[in-house]
Amino acid sequence: MKPDELAQALLDLGAVRLSPRDPFTWASGLRAPIYCDNRLLLGHPGIRRRIVTALAERAARFHPTLIGGTATAGVPWAAMVAQDLDLPMAYARPERKNHGMGRRVEGSSPAGHRVVLMEDLISTGGSSLRCAEVLREEGAEVLEVLALFSYGLPRADEAFRAAGIPLHTLATFDVLRATALARGLLDAADDQALAEWRADTGGWSRRFEDSRRGGP
């Protein structure tokens with residue numbers, strides 16, 4: 001599956017929604033002109049199958065011995081890719097369970113394994129990198145974090161570089177913007193708003209709130 005094909009599917013199925021003029025409110029309270037819910041893709045077998053094939057083909061390049069998933073959104077993709085590649089699978093939590101056995105990793109032990117870690121969405125990269133660090137602490141070598149889509153935020157790129165862990169996404173923010181613009185889902189002003197938001201998410205959110213209040 002090519003990046004523009006996945007971008008089209010994300011838009012067609014409503015997994016990614018764009019609304020620069022009436023932005024969404026994220027859990028952090030920040031305003032954003034984009035919202036992503038890749039879990040919707042799980043309900044569409046044809047698209048799901050093509051995504052799993054693309055993920056598996058990418059992961060196979062590294063000759064992993066275990067497929068990892070981030071709890072919880074990366075778990076179904078990890079399970080399907082592990083099945084496709086006939087490999088063991090485990091998933092990691094960014095924080096230890098506070099009940100039961102208190103495990104940080106479920107499934108196969110990652111100790112001694114070469115792991116490709118599956119994620120559905122990258123925003124700041126914090127939770128994905130915490131899961132990667134958990135796998136490292138449990139004795140695994142993390143070869144790459146492989147995600148369906150990323151918001152393309154500079155903060156995430158910097159975090160992955162600092163951690164020394166490669167990141168690859170099947171569809172990029174820039175490809176999604178170009179696809180939406182070509183299909184008439186955005187005009188030039190909307191496209192510019194998306195670019196400005198990615199460059200400075202906090203500042204963009206504050207400026208939007210100021211404009212609603214009639215501020216400077």
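Axes here are lines fitted to C-alpha atoms, for helices over the stretch in contact, and angles run from 0 to 180 degrees between N-to-C directions. The model on screen is predicted.

**Stop 1: two helices**

Select residues 126-137, helix α4, together with residues 154-163, helix α5. Their axes come within 11 Å and cross at roughly 15°. Angles under 35 degrees count as roughly parallel, and α4 and α5 are therefore roughly parallel to each other. The crossing of the pair is right-handed.

Now show side chains at the contact. From α4, pick S128, L129 and R136; they meet A159, F160 and A163 of α5. Sorted by class, this contact between α4 and α5 has four nonpolar residues, one polar and one charged.

**Stop 2: the sheet**

Hide the helices and display the strands. Six of them form an open sheet, in the order β7-β6-β5-β8-β9-β10, with mixed pairing. At the edges stand β7 (105-107) and β10 (167-171); each has a single partner strand, so one side of each is left without a neighbour in the sheet. On average, neighbouring strands of the sheet are turned by 25° against each other, direction ignored.

**Stop 3: strand β5**

Select residues 66-70, which make up β5. Are the residues of this strand buried or exposed? Five of the five are buried, so β5 is largely enclosed by the rest of the structure. Colour L66, G68 and T70 one way and I67 and G69 another: the two sets point in opposite directions from the strand, and all are buried.

Next, add the strands that β5 pairs with. Strand β8 (residues 114-122) runs parallel to β5 and is joined to it by four bridges. To find one pairing, centre on G69, whose bridge partner in β8 is M118. Strand β6 (residues 89-92) also runs parallel to β5, again with four bridges. Here G68 is a residue to click, with A90 as its bridge partner in β6.

**Stop 4: β9 and β10**

Move along to residues 141-150, strand β9, which pairs with β10 in the parallel sense over four bridges. Label A147 and then T169 in β10, which stands opposite.

**Stop 5: helices across the sheet**

Bring two more helices back into view. Residues 3-12 form helix α1, which lies across β9 and β10 and runs at about 65° to β10. Which strands does helix α3 (residues 75-85) lie across? Helix α3 lies across β5, β6, β8 and β9, and its direction is at about 170° to β5.

Notes: Residues are numbered from 1 along each chain as its sequence is written. This is a predicted model: local features need pLDDT of at least 70, side-chain atom pairs count only at pLDDT 80 or more; totals for chains, interfaces and linings use all residues. Side-chain values use heavy atoms; hydrogens and water are left out. Angles under 35 degrees count as roughly parallel, over 145 as roughly antiparallel, 65 to 115 as roughly perpendicular and the rest as oblique. A crossing is left-handed if the near helix is turned anticlockwise from the far one by less than a right angle, and right-handed if clockwise. Contact means heavy atoms within 4.5 Å. Ala, Val, Leu, Ile, Met, Phe, Trp, Tyr, Cys and Pro count as nonpolar, Asp, Glu, Lys and Arg as charged, and the others, Gly among them, as polar. Buried means under 20% relative accessible area, exposed over 50%, partly exposed in between (1.4 Å probe, protein chains only). Two strands pair if DSSP finds at least two bridges between them.
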